[in-house]
Amino acid sequence: MHGAAHRPEDGAETRLLALIDALVAELHAGGPAEAGVPAGLDSALERDLGLDSLARVELLARIEQAFDVRLPEDVLAKAETPRALLQALEVAGPPTLPESAMQARDAAPVRMSGTPDRAANLVEALNWHVAHHPERCHVSFYRQSDALDNLSYGDLAGAATRVAGGLRTLGVQAGQCVALMLPSGLDFFRCFFGILYAGAVPVPLYPPARATQVEEHLRRQAGILRNCEAPVLIAFDTVRPLARMLTGLAPALRHLTTAAALAEGPVAALRPLQSGDTALVQYTSGSTGDPKGVVLSHANLLANIRAWGGVIALDSTDVAVSWLPLYHDMGLIGAWLGSLYYGCPLILMSPLDFLGRPERWLWAIHRHRGTVTAAPNFAFELCLRRLADQDLDGLDLSSWRMAANGAEPVSPDTMTRFAAAFARYGLRAEILTPMYGLAECAVGLAVSPPGRSLRIDRVDRAAFEADGHARPAAAEEAHALRFVSCGPPLPGHRVRIVGPTGADLPERRVGRLAFRGPSACAGYHRNPEASRSLVDGDWLDSGDYAYVADGELYVTGRAKDLIIRGGRNLYPYELEQAVGELAGIRKGCVAAFGVADPHSGTEKLVVVAETRTRDPAARRALVQAIVALGADLLEQPPDEVVLAPPHAVLKTSSGKIRRAAVRACYLDGSLGAATRAPWLQVLRLGLASIAGQGRTALARLPAWAYGAWAWGWFGFLAGLAVPAVALLPRLQARWAVSRRLARVLARLSGCRLDVAGLHNLPAGPCVFVANHASYIDGIAVAAALPVPVGFVAKAELRQNRSLSLFFNRLGAHFVDRLDARRSVAEARSLAAIAARWPPLLFFAEGTFSGEPGLRPFHLGAFQVAAAARLPVVPLALAGTREVLRDGSWLPRRGRIAITVCPPLLPEGDGWHGVLALRDRARTAILEYCGERPARA
């Protein structure tokens, strides 16, 4: 740890603390350094010094420059105090160029033939690639520095089948949600498709980012888990201790597992998917109590990918380079699933890698000849702040053909400055492509035509604020508003601008943006109230205000952020940005919102700005400066200015201001409440989890008590059955005792047993065929039939000596399901046995699962019946799955019905005769078993 080659020189501690104090003072005039509370080695960078993620990025850059070193890769994610930074300096390396600058550049990818344009779902799209080029590299992930982990299409599919098998062993059923809390990396992709292969629905959750926000974070995730009712959460080792607390906060959550554990599962057969099946539930930012999960079908996702992919002419020779987190739609759908569909390689890095060293994004574009990227506006601004003045010798961005800017308001200033700053590296201004999208439309709704310059609309401020008229401003107007065109709607999609009365508005009139098209979601998961506010007939409300000019979309702001004051429509963004530039105010930590004022009959404008300034005179000066800014920009000052401590302005996981949440805190007086220490947050969460587990246990107590009662009687009666079966000399007597005890068990456990059709039992030899839904099916059959049957059981039961002896005494026969040659030989021997007494009984499905549905029948029973020319008697079992479901040993009361169907005579012993006999038996059982045909 303390290598002499990199040990900081004497005085490093003093220099480091001075750097931190200088940055704090620069960001927050009147902060700790000026208030006589300088940084100490154990000061918390975020809680005590107010340095958020972007401020820490700036701090690390200054440390590297001042000490002429290159800090370790994980400092940004792990260092919470100056002491941790000092320890990182001890192991820092010499400053070097990124290896990407020195490595040979990749060749352009080989063009593949075709796309999965006939795929009806994501799994079919992946399987198309596996069938055509399984070895083609799909994703290359920067695990650390320049170490790349590669994943081919074939490897992804193979890993997904094992994950699916692991999920099935945990009892995951088709259509259930499975939560996915993983960082960027190849495990995310394997598990995402593993969930789809299992027929389930992925629900991405973002991992905890900072220890100081762990309580709020996990409470929000618990709200999501309660809403989606996921029985399984896939997490990673670092967060597993915290994630365990979610089991007490989300009652449906039964299993916490990892990608590595699931990878040990058996290879699972693919469960068929339809295009209308849910492919993803994408949760949008919201409160912990009312999370909104956008339900997106496979058809929604594929329609969106095909639409924007066609507009930007994406193909297999493109190279996508992304650092976007995979739990957000822009990174998940735009970067990953889009590249998967079109077969273009995806170069992926962690979001922290980008934040810590934004030059890595540009060097990855250089090294891999990247052609397409997507990022929010702040990413381009961060590159400008950190890299515009650096000499990135050798950087070549000439391969870059489209840089999509979306997910937050697009700044025309940022775009023009970015184009100018990086032009010397081959970047062309026309590649900058504003876009607009939202989760409710998968990811994209409008995209500017690539390859053209920015289209910026200058709008007369007075007309815009007075009546929502986006009238072009005169050239000389100094305070004109500027909006960036997001382009026309995607092919197949339509937008309309709706006024207060619900009527369509003409061009250049601002109203609520509504949309429709094949990408539009069906609503929110298990949230009918929110869904009703979203859907209006064929149209969906975007929640944004916008206008259309010359057929192109200009988004002006969120509807919930609009402030109506004195008859004027005000948007907070411009004022927030200007206030954030004031010395002493934390940049990006300003929220402006409206609050109803009953005295004036309108809304009053409130500005909340974070600062560490404590000096009363300095605070008064800041308030005056904010008031002056409001008067200058909006021609009316804010009604109230609140100077709040750091972290009072709440944000989403992607860094967006949560204005509604800040407004709620302002109204209830909790604005700027002191952040609890991480250990106290964990303690509170632990207590809440224990309380939740206690409530869950209490709610389940009756079920557990019943289960103990039922199993207790089962054990007692089995203790009577085993010696009776072993000692009684005649099979008829053994069966009679077993039948009587099985019926007693049904009565004692409160399960009603109804048997119909006993008059259909033939007098002579036959073959019984039953459906198979539960471990209690054999007991149910024994309770129902007055005549003995010889169960045809799987050979694995022979390995248990007591069970083998018991079944043998009841006339059972064992067959090997896994050895094909032995299975054929055993089928022939069974044909000879079938003509003797007792008749054979086959569970024709072969196995069962917790999911309802009659599975396809195996042919063995019907081959035996046809070869022996014996009638087949279908037995339809209903209700056993509900009494004891696969994956659970907790029985429930229920009604069990067994119907003996009329015998079916074979039409011949040839192949077609066997198939016909199977189909007739399955049709008969379907009529009475109470289940539909299963999808697998």
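Is Ser-774 buried or exposed? Select Ser-774 and you will find a buried residue, with a relative accessible area of 0%; buried means under 20% relative accessible area, exposed over 50%, and partly exposed in between, using a 1.4 Å probe and protein chains only.

Before going on, a word on the model. This is a predicted model, in which local features need pLDDT of at least 70, side-chain atom pairs count only at pLDDT 80 or more, and totals for chains, interfaces and linings use all residues. Residues are numbered from 1 along each chain as its sequence is written, and side-chain values use heavy atoms, with hydrogens and water left out.

**Stop 1: around Ser-774**

Stay on Ser-774, in the loop that runs between strand 28 (767–770) and helix 26 (777–784). Helices (H or I, at least four residues) and strands (E, at least two) are DSSP runs, numbered from the N terminus. Now add Leu-884: its backbone oxygen is 2.7 Å from the side chain of Ser-774. Show Phe-848, Thr-880 and Arg-881 too, since Ser-774 touches these as well as Leu-884, not counting residues up to four places away in sequence. Contact here means heavy atoms within 4.5 Å.

**Stop 2: the whole chain**

Zoom out to see the protein chain, with its 31 helices and 33 strands. Of its 936 residues, 54% are buried. Among contacts between residues at least 6 apart in sequence, 73% join residues at least 24 apart. Switch on the surface: the chain exposes about 39400 Å², and carbon and sulfur atoms supply 55% of that. Accessible areas come from the Shrake-Rupley method with a 1.4 Å probe; for residues, only the protein chains shown count as cover.

**Stop 3: the nonpolar cores**

Select Phe-193, Trp-336, Trp-361 and Phe-422. In the largest nonpolar core, which has 154 residues, these four touch the most other members. Helix 8 (residues 186–197) gives the most to this core, with 9 residues. A nonpolar core is a set of buried Ala, Val, Leu, Ile, Met, Phe, Trp, Tyr and Cys residues joined through side-chain atoms within 4.5 Å.

Centre on Trp-336 next. Leaving aside neighbours within four places in sequence, Trp-336 is in contact with residues including Phe-188, Phe-189, Phe-192 and Phe-193, and also His-138 and Leu-346. Apart from the largest core lies another, of 29 residues; to find it, select Ala-831, Ala-834, Phe-842 and Val-872, which are among its members.

**Stop 4: aromatic rings**

How many aromatic pairs does a search of the whole structure find? There are 33. Rings of Phe, Tyr and Trp (its six-membered ring) pair if their centres lie within 6.5 Å; planes under 30 degrees apart count as stacked, over 60 as edge-to-face and the rest as tilted.

Start with Phe-418 and Phe-422, both of them buried. Their ring centres are 4.8 Å apart and their planes are at 45°, so the pair is tilted. Then extend the selection to Trp-323, Phe-354, Trp-361, Phe-378, Phe-380, Trp-400 and Tyr-425, which ring pairs link with Phe-418 and Phe-422 into a cluster.

For an edge-to-face pair, pick Trp-711 and Phe-714, at 5.3 Å centre to centre with 85° between the planes. These two are 3 residues apart in helix 24 (residues 678–727), so about one helical turn separates them. Trp-711 is partly exposed at 34% relative accessibility, and Phe-714 is partly exposed at 33%.

**Stop 5: arginines**

Select Arg-15 with Phe-67: the charged end of Arg-15 sits over the ring, 4.4 Å from its centre. Arg-496 lies over the face of Trp-539, at 5.0 Å from the ring centre. A charge sits over a ring if NZ of Lys or CZ of Arg is within 6 Å of the ring centre and within 35 degrees of the ring normal.

Move to Arg-508, in the loop between strand 17 (494–498) and strand 18 (511–516). Arg-508 is buried, with a relative accessible area of 18%, and its side chain reaches the backbone oxygen of Ala-470 at 2.7 Å.

**Stop 6: backbone details**

Finish with Pro-838, in the loop between helix 28 (820–834) and strand 31 (840–843). The peptide bond from Trp-837 to Pro-838 is cis, with omega near 0°. Last comes Arg-869, whose phi is near 55°, a positive value in a residue other than glycine. Arg-869 counts as exposed, at 62% relative accessibility.

Technical notes: Polar contact = N/O pair within 3.5 Å; in protein donor to acceptor, adjacent residues only side chain to side chain.
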